[in-house]
Amino acid sequence: MIYAVFAPLVMTLLIPFFNKWKDKIHTGWFLLPIPLFIFLYFVQFIGEGFSPVAESYQWIPSLNISIDFYLDGLSLLFVLLISGIGTLVLLYSIYYLHKSERLGHFYIYLFIFMSSMLGVVLSDNVYVLYTFWEFTSISSFLLIGFWHYRERSRYGALKSMLITVFGGLSLFAGIVTLTYITGTTSIQEMINQKDIIIDSPLFPLILIFIILGAFTKSAQFPFHIWLPDAMEAPTPVSAYLHSATMVKAGIFLIARFSPILAGEPMFFIIVSLFGIITLCWGSYMAVRQTDLKGILAFSTISQLGMIMAMLGFGTKAAIFAAVFHILNHATFKGSLFMIAGIVDHETGSRDIRKLGGLMTFMPISATLALFGVFSMAGFPLPFLNGFYSKEMFFEASLHLDGYGGQFIPFFQQAIPYLAVFGSIFTFVYSMYFFFGTFRGEAKMGELPKKPHEAPIGMLISPFILVLGVILIGLFPNLVNGTFIAHSAEAIYGSAVEKDIYFWHGLTYPPLIMSIIVVVLGTLLALTRQKWAGIYTIFPRNLSFNEVYNYIVDKTETASTKITNKYMTGSLRHYVLYILIAILVVSGVVFFLTNGFAIDTSGLSTLKLSDVPDILVGLTMAIAAIGTIFTNNRLSAIIILGVVGYGLAILFVIYRAPDLALTQLIVETVTVAIFLLCFYHLPDLKKIKEKPSITLTNSIISIGFGALMTIIAISAHSSKWFEPISNYFLETSKPLGGGYNVVNVILVDMRGLDTLFEITVLGIAALAIYGMIKLRRDKEAK
Amino acid sequence: MGESILHTVTIICIVFISISIIILLYRVLKGPTNPDRAVALDTIGVNLMALCGLLAILLVTTKLNDVILLIGILLFIGTIAIAKFLEKGVIIDRNRN
């Protein structure tokens, strides 16, 4: 199984070599066997007596993350879809993409996607699943932006990336929480520990996280907005990713976690409510579209909503119908996308207003489309698979006899009506899609190309898919026992036995609902021109695209504004922030922890001999205050000199002759340097500032000074240890061989500090020399 | 007795010199012109030398004598620097050769 999953990924390494011969042979031909082999490999698992297969490979054992593959009915259904439709899409793309396109890029992206999608559906380890999940987002991003020179493509790619990665991260939060609760990273083991998860207080959180991940990926309301914009991708991509596989990853996720999450009223309400809303909204909006792929995009949204709703119902019949519809939707929607691509390819336009009457030019495509469209609409004919799943959907919506059904009786009763409403619009846009394109008058003048039938190679893939539609339609029990039932069993937890019949009798309620859909749908489709004006009333500007654009725009402008607000480029402001931060943070912390301990016991008493200290201190204080208020730079320098010399004399008074010596020299040199660069300094002007700013500055500086003073006093008041200085006094002579304790400390006891201070001075000297000598700008000349 | 008189006299001298420093500070701060300030700073320096000497007597130590000499030298250099600056605007002349 691991070979099947990683084969496309390994193949991407070889694609550049194949691409060299692309002028002679289309790159796609080399790659076609890969998905075909994978498909054939997985086909052999189909059978009545299928039982799950597990494989395990080491990856990160220390984190309990291993590459575990688990092939049960659900995975089997999905891998067959992925590889089967992958093969057909590959074949289709060979004819669709011209050799002048960047084929290497295209197939590399596509194969990365294929690998990661297989990985998503086969992984049993949640983290491996998440890894592959993000790979699908990234490769989808690359594929949507394949024609990167188009602005719309880039917009669509970015949008899908933002939305799906948002959901992906939410999923990650969900699986981390799950791992935290259960202590395992395997999905099967989590299912075994279902009770622990449900009883956990974190359960609602897990539910929301996982549902958010699934809803964004599967384009559920209101995260559906990325899917219509993803239609800028080449049509094979739209057919593959955005109808059959990637958008079903969210469905798969919900189905995979159903054994854990389902059965809770919250799950029922969220999933089925949003599913139904998506169904109705998607089908309602699809009628409004003018672009063929736009119709199909909203149709996909709506059909996904329907599947999601059925998963939400959670009854035996609903889950069976959901699985069945996953298969059916993949067949008919894939073929319809391919036909839309053919129409685009052969006429040069996808705008339904310009198309019409193509039936005479493209009879085969029209026939294939006919089957696809009527299957999508759920028309009651025994050879259309869409009808069966639609009928089962109606039936399921009528029998919500399971859990949660009694939770909101009103909602439960509304579901069948909403289902019928959505289906009516499904019928309308299906008819609009077919009759708008292939019937009516041909508008030859408006088309860029003269329409003609597509080459046979392009028609093979949709033909096979339509064949699938009809075969499943004619013999539904062919797929039922072999793998639909196994899939449903994997989701539901116990065996689901259900036969599919076309005819249940005339009074069978779902049949009546189907007939209502067909009759009302036909009426609405015929009168579409008359009521189409409703779209100018609702939704008008209420679409979620506006919300998305607003959020993206506002986030950008708001963050620019905020950044410009505080990153002013003025050093004065930055110093202000630093001081305020220190003042507030340390002030509050000291206050809260009762750090301002003031103790007077350790203080010495004031004597007559202390008068000089006070006088010198007073002199320094007056000089320091004088510096602030002086207007003249030279006098500021000289007054500052007074402070420096005062400090020197304080050192003398407190018996530190070495310090006093150094301080005197440094002070003199500093004053001399100030005078040296005096001419280059700007005049010291009084800048007239608003009183409020001056006031703020004074408050902050006074506050900061006060804080430092209090901290110093508190530090002095709480001496908890004996100072180490006695040791230095005693050992200076015996160990260091000197009487000058300060110097012994500097060069013997703590010599390393001195070394690096010398280094600092050396660097400073070199830097000054460099700054003066090396001027690269014009100033040097 | 002699010790005590010396002590008291020293402290009185220190106080007076400190007061003179404060008065000189007034000249530094107010000093209508910069030369006034320079002279005041120079005089403060001389007072500091005296202060250091008196403190050395008070603390009965010879370790401060270096400081007194250093102040003398620095004061001279500093005053010359300021004077030269006030006169020429530069402290170190460029070699014109």
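For chain B of this predicted model, the unreviewed UniProt entry lists residues 6-26, 38-61 and 67-86 under "transmembrane region". Two of these spans can be described from the coordinates. Residues 6-26 of chain B are 100% helix and 0% strand, with the end C-alpha atoms 30 Å apart. Residues 67-86 of chain B are likewise 100% helix and 0% strand, and here the end C-alpha atoms lie 28 Å apart.

In chain A, an unreviewed UniProt entry places the feature "domain: NADH-Ubiquinone oxidoreductase (complex I) chain 5 N-terminal" at residues 60-107. In the model, this span of chain A is 60% helix and 17% strand, and 30 Å separates its end C-alpha atoms.

Helix H10 of chain A, residues 203-217, offers a friendly check on geometry. At 1.5 Å a residue, its 15 residues should span 21 Å, and the end C-alpha atoms are indeed 21 Å apart, so expectation and model agree. Buried residues of H10(A) include Phe203(A), Ile206(A), Leu207(A), Ile210(A) and Ile211(A). In an α-helix there are 3.6 residues a turn, so residues three or four places apart point the same way. Towards the end of the helix, Gly213(A), Ala214(A), Phe215(A), Thr216(A) and Lys217(A) are buried as well. After H10(A) comes Ala219(A), which has a positive phi, near 55 degrees. Lys217(A) also takes part in a contact with an aromatic ring: its charged end sits over the ring of Trp133(A), 5.1 Å from the centre. Another charge over a ring is found at Arg102(A), which lies over the face of Phe146(A) at 4.9 Å from the ring centre.

Aromatic contacts deserve a closer look, as the structure holds 30 aromatic pairs over all chains. One of them is the stacked pair of Phe313(A) and Phe393(A), with 6.4 Å from centre to centre and 0 degrees between the planes. This pair links distant parts of the chain, 80 residues apart: Phe313(A) belongs to helix H15 (residues 292-313) of chain A and Phe393(A) to helix H18 (residues 385-398) of chain A. Both Phe313(A) and Phe393(A) are buried. The pair of Phe374(A) and Phe379(A) is edge-to-face, because the ring planes stand at 90 degrees, with the centres 5.2 Å apart. Phe374(A) is buried at a relative accessible area of 15%, whereas Phe379(A), at 22% relative accessibility, counts as partly exposed. Ring pairs also join Phe221(A), Trp281(A), Tyr284(A), Phe421(A) and Phe425(A) into a cluster.

How values were computed. Residues numbered from 1 in each chain as written. Chains lettered and ligands numbered in written order. Predicted model: local features only at pLDDT ≥ 70, side-chain atom pairs only at ≥ 80, totals over all residues. Heavy atoms only, no water. Helix = DSSP H or I, 4+ residues; strand = E, 2+ residues; numbered from the N terminus. Expected span 1.5 Å × (residues − 1). Buried < 20%, exposed > 50% of the residue type's maximum accessible area, 1.4 Å probe, protein only. UniProt positions renumbered as here; feature names shortened; annotations may be inferred. Phe/Tyr/Trp six-rings, centres within 6.5 Å; stacked < 30°, edge-to-face > 60°. Lys NZ or Arg CZ within 6 Å of the ring centre and 35° of its normal.
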